[in-house]
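Me: I am new to this structure and would like a close look at a single part, the place where two helices cross. Please take me through that part with care, and then lead me outward to whatever else helps me read the model.

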Amino acid sequence: AQAIRRSNCYPSPRQQVEGAAMAVKFTYFPLFAKGPAVAVALQKSGLEWEGAFPEDWKAMKASTPWRELPIMEVPGVGIIGHELAMLNYIASKVPKMAGESEKDFLVSQQLMHEAEDIYKSLVAKQDTFMAKDRVSQEVYDKFWGEPDVTIHNREFGIVLYLGLLEEFYAKCGVGGGKFTSNGSTVGECKLWAILHMLKMIKDDVLATFPGVLAFYSRFTSEPETQAILTNGGKFPSAFKQYFVAKE
């Protein structure tokens, strides 16, 4: 019972010892899935943070708020769960990560949730290095094939999603590979992570979407992003590919 109470935003033993000066601690598996967006947002935010891979997930699981990773230990608060909550926490601490105007804030939030929709579609239909043949070849080909705008949004495929993002990029009117004025909001961090997952599955997936490709290329080239890609930033090592192409 004590472990459950502590997970629900009660200070961890680590916090009780080290106090409010402690850096944020972010824990996730060494996989390019739910960790990289938060990691790159932390790297860009300037907040003090450390990254950790779970040493014994089975033993650790019962002490997490939602029995899943990622988790974040927040000074003065305790352990929180859910990737989007963590991204919004970062935005609340560092205003530039939320957006430098009301428009930027709203753009960032929309990108964050649209990117999450794509992630959920990948979970439902894309093979991983651990699980193969999750859907039939017919369903898979449709998921990566020409878009059908008449279908229910739960059946949207990758090309349709990217088309919507291309339209949104043009509507935002910022240019320069940015959706917002600074190009580094938490929503853009989340979107970049999703686009990188897609690129790992199919390298030329962005070729016909020049605005989205400009965003991805600019964001990828920045030093904070390169740190996450090359050595994991504050994590012990870089994240490894999770979603893979159907064989």
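Reply: In this predicted model, the axes of helix α3, which covers residues 36-45, and helix α10 come within 8 Å of each other and cross at roughly 135 degrees. Angles over 145 degrees would count as roughly antiparallel and those from 65 to 115 as roughly perpendicular, so α3 is classed as oblique to α10. The crossing in which α3 passes α10 is right-handed. On the α3 side the residues that meet the other helix are Pro36, Ala37, Val40, Ala41 and Lys44, and on the α10 side they are Val186, Cys189, Lys190, Trp192 and Ala193. Sorted by class, this contact between α3 and α10 holds 8 nonpolar residues and 2 charged ones, with no polar residue.

From here it helps to turn to the core. The largest nonpolar core has 73 residues, and those that touch the most other members are Phe26, Met72, Ile158, Leu162, Phe179 and Leu195. Helix α10, residues 186-201, supplies the largest share of this core, with 10 residues. Met72 can be followed further: leaving aside neighbours within four places in sequence, its contacts include Val24, Lys25, Phe26, Val38 and Leu42, and also Ile79, Ile80, Met86 and Tyr89.

Val186, one of the α10 residues that meet α3, also leads to another helix, since Ser108 has Val186 among its contacts, together with Met97, Ala98, Thr180, Thr185 and Gly187, when neighbours within four places in sequence are left aside. Ser108 itself sits in helix α7, which runs over residues 102-125. With a relative accessible area of 0%, Ser108 is buried, because the cut-off for that word is under 20%.

Helix α7 also takes part in a second crossing, for its axis and that of helix α5, residues 83-93, come within 12 Å and cross at roughly 160 degrees. The two helices are therefore roughly antiparallel to each other, and here too the crossing, of α5 past α7, is right-handed. Glu83, Leu84, Leu87 and Asn88 of α5 make this contact with Gln109, Met112, His113 and Glu116 of α7. By class, the contact of α5 with α7 has 3 nonpolar, 3 polar and 2 charged residues.

The loop between α7 and α8 (137-144) is where Phe129 is placed. Phe129 counts as partly exposed, at 42% relative accessibility, and its contacts outside the four nearest places in sequence are Leu31, Gln241, Tyr242 and Val244. Between the C-alpha atoms of Phe129 and Ser45, which are 84 residues apart along the chain, the separation is 31 Å. Asp133 lies in the loop between α7 and α8 as well, and with a relative accessible area of 54% it is exposed.

Some details of the backbone remain, and a general point sets the background: most residues other than glycine have a negative phi, and most peptide bonds are trans. Asp133 has a phi near 55 degrees, a positive value in a residue other than glycine. Arg67 likewise has a positive phi, near 60 degrees; Arg67 lies in the loop between α4 and β4 and is partly exposed, with a relative accessible area of 31%. The loop between α4 (57-60) and β4 (71-74) also holds Pro70, and the peptide bond from Leu69 to Pro70 is cis, with omega near 15 degrees.

Technical notes:
Residues are numbered from 1 along each chain as its sequence is written. This is a predicted model: local features need pLDDT of at least 70, side-chain atom pairs count only at pLDDT 80 or more; totals for chains, interfaces and linings use all residues. Side-chain values use heavy atoms; hydrogens and water are left out. Helices (H or I, at least four residues) and strands (E, at least two) are DSSP runs, numbered from the N terminus. Buried means under 20% relative accessible area, exposed over 50%, partly exposed in between (1.4 Å probe, protein chains only). Contact means heavy atoms within 4.5 Å. A nonpolar core is a set of buried Ala, Val, Leu, Ile, Met, Phe, Trp, Tyr and Cys residues joined through side-chain atoms within 4.5 Å. Axes are lines fitted to C-alpha atoms, for helices over the stretch in contact, and angles run from 0 to 180 degrees between N-to-C directions. Angles under 35 degrees count as roughly parallel, over 145 as roughly antiparallel, 65 to 115 as roughly perpendicular and the rest as oblique. A crossing is left-handed if the near helix is turned anticlockwise from the far one by less than a right angle, and right-handed if clockwise. Ala, Val, Leu, Ile, Met, Phe, Trp, Tyr, Cys and Pro count as nonpolar, Asp, Glu, Lys and Arg as charged, and the others, Gly among them, as polar.
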